[in-house]
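User: Hey, can you walk me through this one? I'd like to start with the ligand.

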Amino acid sequence: MKTIAVLTSGGDAPGMNAAIRAVVRTALDKGLKVMGIQRGYSGLINGELFEMQRHSVSDIIQRGGTILRTARCAEFLKEEGRKKAADVLRVFGVDGLVVIGGNGSFMGAQKLSKLGIATVGLPGTIDNDLSYTDYTIGFDTTLNTVLDAINKLRDTSTSHERVSIVEVMGRDCGDIALYSGIAGGAESVIIPEKGYDFDKLCKTILEGKLNGKMHNLIILAEGVGGAAELAKKVEEVTGIETRSTILGHIQRGGSPSAFDRMLASRMGVRAVEALIEGKTSRVVGIRDNKIVDDDIDDALAMPRKFNEELYNIANMLSK
Ligand code: F6P
């Protein structure tokens, strides 16, 4: 292994820069040449590669987003596009590739590895939706962003004695809603893994009011439905003023938390070590606070275990 490259792909996540920094500095420390690829797989196909030095990643550990930019690339989904990408890597003399991204980006890495490129994936996504790892890079920062919004919404909801419905990201995975619901003291958490019973939700709101609750906070994962429509229906049935807030892409930005910086740094180091050890088609994760690497096929095939315990905690503490 002489030259490695790094790219970020899919939705950005706070901590991606810290991961890039760790990859670049570990590679240089081990005597490797390291190339940055702009705009994910799309930039790779277009040959947007440049050599990186230690100073290329100075002053980025605290920054959200990704200095390498990111993209979702339709061309890479086709065999022809992937062959082109593998050819570009060979032309630049790249032996190993670190892909920082989510599920879709890992599928790309898996296919590239079958074309003879050594690949290692780092889980960079706010969704925390990858089964093989306890946490993904960006999830913790997003939780803190959501909590900041919840704290503010609590103030105004209490003043007006309203119901507040907060829509957070998460199409198939409700972890952002579940964790922020527990940490933010929400009355209800609505997530794709569980769905919800509308009548029961309204009953909970009305009972809360009778029990002296000054407001009612509902965290809704985007995959279950829209906050605006739900707010309208809740207000009609309960007669309590209800407002909706969609946090949107605010959740994807911001300076990464200490946890995400640590996670990204530890994982970035491991990714380069794995390539040096001659490993390919691997993904780096964290389980029980240990950095691990797994075969990419096994990791992608792992069924997602829903955390029932956390869901029960959310329900019990919200009463
Ligand atoms: O996968 C990350 C994510 O932020 C999801 O939570 C969200 O549904 C999606 O990306 C939004 O994608 P886009 O930035 O393309 O609108």
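Analyst: Sure, and let's begin with D127: one of its polar side-chain atoms lies 2.6 Å from an oxygen atom of the ligand. That is a polar contact, meaning a pair of N or O atoms within 3.5 Å. Keep in mind that this is a predicted model, where local features need pLDDT of at least 70, side-chain atom pairs count only at pLDDT 80 or more, and totals for chains, interfaces and linings use all residues. Residues are numbered from 1 along each chain as its sequence is written, and side-chain values use heavy atoms, with hydrogens and water left out.

User: How far is the polar side-chain atom of R72 from an oxygen atom of the ligand?

Analyst: For R72 the distance is 3.0 Å. R171 also has a side-chain N or O atom 3.2 Å from a ligand oxygen.

User: Which residues surround the ligand?

Analyst: They are R72, I126, D127, M169, G170, R171, E222, H249 and R252. Being near here means having a heavy atom within 4 Å of the ligand.

User: Switching topic, how is the protein chain divided?

Analyst: Into domain 1 (3-138 + 256-301) and domain 2 (140-252), with bounds from an automatic or database domain assignment. Their centres, taken over C-alpha atoms, are 34 Å apart.

User: And how many residues are in contact between them?

Analyst: 14 residues of domain 1 touch 12 of domain 2, where contact means heavy atoms within 4.5 Å.

User: Back to the ligand, what does each domain give to its shell?

Analyst: Domain 1 and domain 2 each supply at least three residues.

Definitions and conventions:
Polar contact = N/O pair within 3.5 Å; in protein donor to acceptor, adjacent residues only side chain to side chain.
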